[in-house]
Amino acid sequence: MSVSSELDARFRDAAAAEGLLDVAYDLVDTPVGRLLVAVTDRGLCEISYDPEPEREAEALARAFGTRVLRSPGPTDEARRQLDEYFAGDRRNFDLEVDLRLAREFGRTVLEELARVPYGELTTYGTLAARAGRPRAARAVGTVMNRNPVPIVLPCHRVVGSTGSLVGYGGGLERKRALLELEGALLPGA
Amino acid sequence: MMEAVHVPPFERFYEEHRSAVLSQLRRMLGREDAEDAFQETFLRALRAYPKLEHGAHLRAWALTIARNVALDARRRDRLTSADVPDLESVDEPLPYEELRRLTADLPHKERAAVFLRYGYELSYDDIGTALGSSAEAARQATSSGVRRLRRKELP
């Protein structure tokens with residue numbers, strides 16, 4: 001017996017409206033591809049590139065609790081701000097972020113990362129220094145690589161001391177595309 | 001010892017069992033009322049979900065909640081038509097909770113059979129289906145589990 005899409009949507013909305021979910025997620029199409037966007041009651045907890053929803057749901061359940069459900073309502077605000085960002089109409093995200101899984105140094109680094117302005121570049125070393133451990137550039141790289149909410153926490157603005165792009169969880173092409181969008185990098189540079 | 005079966009994300013539980021739940025509700029309530037009962041069934045399941053200790057027999061669990069929701073809906077209809085004040089609706093207690101401690105030491109199959117029989121009030125046919133055995137084997141596992149519990153309680 002197949003469940004109609006209307007009945008399905010009604011349940012998914014009700015589940016979120018009643019506050020019964022540990023994590024609500026949805027898939028969002030953007031110029032840098034499809035993203036999985038996930039939200040807890042504390043805020044945005046994950047953005048992932050090239051998502052495999054079943055695998056992501058398992059990981060989210062392990063991290064935040066088993067009541068993980070695709071439900072668009074709670075992700076609407078993040079989706080709206082991402083749309084505005086990609087349209088060039090938004091420079092700063094105004095979203096709560098749930099960093100409860102980040103450990104002490106990682107959290108400090110991510111909080112510093114959040115202060116790197118739109119369209120500007122910084123380096124791993126600079127970020128390490130701002131987080132109070134100037135020699136920990138490599139550890140900062142690891143934190144960037146595990147950034148739970150790329151784009152919103154702008155790890156794409158962090159480059160090597162020579163100006164090379166170095167790496168990006170979503171692939172260098174996307175890092176370049178985001179920096180071009182922000183006018184931080186000339187196309188083809 | 002019970003084998004630990006991991007509780008899946010609710011999304012997977014819902015996707016795997018929603019069709020079976022809707023079929024059962026339509027059989028019990030008809031097409032129209034089944035839709036409200038469908039939502040109520042999965043909301044109840046969501047409320048109880050964090051208390052699940054393992055992911056075994058989730059279909060039987062989902063169908064039992066659906067059955068209880070349908071019975072509640074029928075009872076409400078009867079009460080309303082008899083012009084009796086509506087009962088306060090009370091969430092189903094999770095059957096696992098009551099039986100969990102009592103049956104902790106039973107062999108896996110007997111424990112599951114006792115759960116499904118006395119926790120969920122399933123028929124031996126349904127228990128057999130859930131456990132992948134015959135109704136007769138389900139009946140035997142249940143009564144053997146009950147005997148074992150009696151021996152334990154009355155030394």
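1. The sheet of chain A in this predicted model is open and built of four strands, ordered 3-2-1-4 with mixed pairing. Strands here are DSSP E runs of at least two residues, helices are H or I runs of at least four, and both are numbered from the N terminus; two strands pair if DSSP finds at least two bridges between them. Strand 3 (43-49) and strand 4 of chain A sit at the edges, each pairing on one side only. On average, neighbouring strands of the sheet are turned by 25 degrees against each other, direction ignored.

2. A word on reading the model: residues are numbered from 1 along each chain as its sequence is written, while chains are lettered from A and ligands numbered from 1 in the order in which they are written. As the model is predicted, local features need pLDDT of at least 70 and side-chain atom pairs count only at pLDDT 80 or more, whereas totals for chains, interfaces and linings use all residues.

3. Now the strand pairs. Strand 1 (residues 23-30) and strand 4 of chain A run parallel, joined by three bridges. Strand 1 also pairs with strand 2 (residues 33-40) of chain A, here antiparallel and over seven bridges, and these two strands make a hairpin with two residues between them. A:Tyr25 is a handy residue to look at: its bridge partner in strand 4 of chain A is A:Arg70, and in strand 2 of chain A it stands opposite A:Ala38.

4. On the other side of the sheet order, strand 2 and strand 3 of chain A pair in the antiparallel sense over six bridges. A:Leu35 faces A:Tyr49 of strand 3 of chain A there. Helix 3 (residues 76-86) of chain A packs on the sheet and touches strand 1, strand 2 and strand 3 of chain A. The direction of helix 3 makes about 20 degrees with that of strand 1 of chain A. Contact means that the C-beta atoms of two residues, placed from the backbone, lie within 7 Å; axes are lines fitted to C-alpha atoms (for helices, over the stretch in contact), with angles from 0 to 180 degrees between N-to-C directions.

5. Chain A is split by the domain assignment into domain 1 (5-86) and domain 2 (104-181); such bounds come from an automatic or database assignment. Taken over C-alpha atoms, the two domain centres are 24 Å apart. Seven residues of domain 1 of chain A are in contact with ten of domain 2. Strand 3 of chain A supplies the largest share of the domain 1 side, five residues. That side has six nonpolar residues, no polar and one charged, where Ala, Val, Leu, Ile, Met, Phe, Trp, Tyr, Cys and Pro count as nonpolar, Asp, Glu, Lys and Arg as charged, and the others, Gly among them, as polar.

6. What about the two chains together? Chain A and chain B each put 20 residues into their contact. On the chain A side, helix 1 (5-17), helix 2 (53-64) and strand 4 (68-70) each supply at least two residues. Helix 1 of chain A gives the most, five residues. The chain A side divides into twelve nonpolar, three polar and five charged residues.

7. Chain B has seven helices and zero strands. Of its 155 residues, 36% count as buried, meaning 20 or more other C-beta atoms within 10 Å of the residue's own (12 or fewer is exposed, in between is partly exposed, C-beta atoms placed from the backbone). Among contacts in chain B between residues at least 6 apart in sequence, 64% join residues at least 24 apart.

8. Helix 1 (residues 10-29) and helix 2 (residues 31-48) of chain B pack at about 145 degrees, axes 9 Å apart. Their crossing is right-handed: the near helix is turned clockwise from the far one by less than a right angle, while anticlockwise would be left-handed. The residues of this contact divide into eleven nonpolar, one polar and three charged.

9. Two single residues to finish. B:Val114, in helix 5 (residues 108-119) of chain B, counts as buried because it has 23 C-beta neighbours inside 10 Å. B:Val114 and B:Val146 are 32 residues apart in sequence and 7.2 Å apart in space, C-alpha to C-alpha. A:Ala177, in helix 7 (residues 172-181) of chain A, has 19 other C-beta atoms within 10 Å and so is partly exposed.
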